[in-house]
Amino acid sequence: MDNVGILFAGSSDHALELTHKDIDENYVITNINYANEYYNHIIEPISKIFNIFIFVTCFSEEKKLWENKWKNIINEKNPNIKLFCIEICNTLPDNIRFTQKNNYHYKNRFNDKYHNQFGKLNNTFNVMKKYENTNQIKMNYLIKGRSDFIYKDLFDVNWLLNLPKDTICIPSTEWHTPDRWMERTNQSQKNKKIDVIYPGGMSDQMIFGYRDDMVHIFDIVSCNEKSPPGKIHPENILYQN
């Protein structure tokens, strides 16, 4: 069986609290078990054909929730998960693209957010590589996971089985907006209220591909290059590179 590595980073209890700006801002999504959602829709279909290795990096204060809300639940559902590694990384790398110094959003209120998001993701990728080297094993596929989504459909394993080389797969939309390619019309693209992301960018809320192709995602994140103004938005790195 081939190996699939699923990479998470950051807090496990980051959840959508407010809906889209044009909907009632007092509406709050509650009582959602995000670990169950991710297992039922993503992990369980893949685990029938592939070995699953899950890697997480987080701050010290975040580890307990990962263990209680994710690791224990998923291991109970499927004891055949090969690995659920949670490693504490309390330091964010200062030599990646999206730092206070390199990010073109300099002096922007989102700087900490982007450094935190991509710094932890970079840490997770390095933890996975360390595990591979130590155990003389290699992931065949990688999935960049998110812990804060409710999924409508099951992950189709044929997406992996029939995946061409030199291909990175992404969603056709930002999942937290009502923009869907299948529903898009010329008029909807002109309607800024629905936050159409394409062609201005491409969603990175879920990314998967062969490990050797996914490396390029982390090369973009980890390079110590200053982003020129207007060139590379942190959330549109795929489209603009």
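Leaving aside its neighbours within four places in sequence, which residues is Ile 54 in contact with? To answer this, it is helpful to consider first the sheet and then the core of this predicted model.

The sheet is open and consists of six strands, arranged in the order β3-β2-β1-β4-β6-β5 with mixed pairing. Its edges are occupied by β3 (83-88) and β5 (168-169); each of these has a single partner strand, so one side of each is left without a neighbour in the sheet. The partner of β3 can be examined in detail: strand β2, residues 51-58, pairs with β3 in the parallel sense over six bridges. Within this pairing, Val 56 has Ile 86 of β3 as its bridge partner.

A helix accompanies this part of the sheet. Helix α2, formed by residues 60-77, lies across β1 (3-9), β2 and β3, and it runs at about 175 degrees to β3.

In soluble globular proteins, nonpolar side chains tend to be buried together. The largest nonpolar core of the model comprises 33 residues, and Ile 46 and Ile 54 are those with the most contacts inside it. Two or more residues are given to this core by each of β1, α1 (34-47), β2, α2, β3, β4 (141-144) and β6 (207-210). The largest share, seven residues, comes from α1.

The opening question can now be answered. With its neighbours within four places in sequence left aside, Ile 54 is in contact with Ile 6, Phe 8, Ile 43, Ile 74, Ile 81, Leu 83, Phe 84 and Cys 85. A second, separate core contains 17 residues, among them Leu 83, Cys 89, Ile 207 and Ile 217.

Definitions and conventions:
Residues numbered from 1 in each chain as written. Predicted model: local features only at pLDDT ≥ 70, side-chain atom pairs only at ≥ 80, totals over all residues. Heavy atoms only, no water. Pairing = 2+ DSSP bridges. Helix = DSSP H or I, 4+ residues; strand = E, 2+ residues; numbered from the N terminus. Contact = heavy atoms within 4.5 Å. Axes fitted to C-alpha atoms, helices over the stretch in contact; angles between N-to-C directions. Core = buried A, V, L, I, M, F, W, Y, C linked by side-chain atoms within 4.5 Å. Buried < 20%, exposed > 50% of the residue type's maximum accessible area, 1.4 Å probe, protein only.
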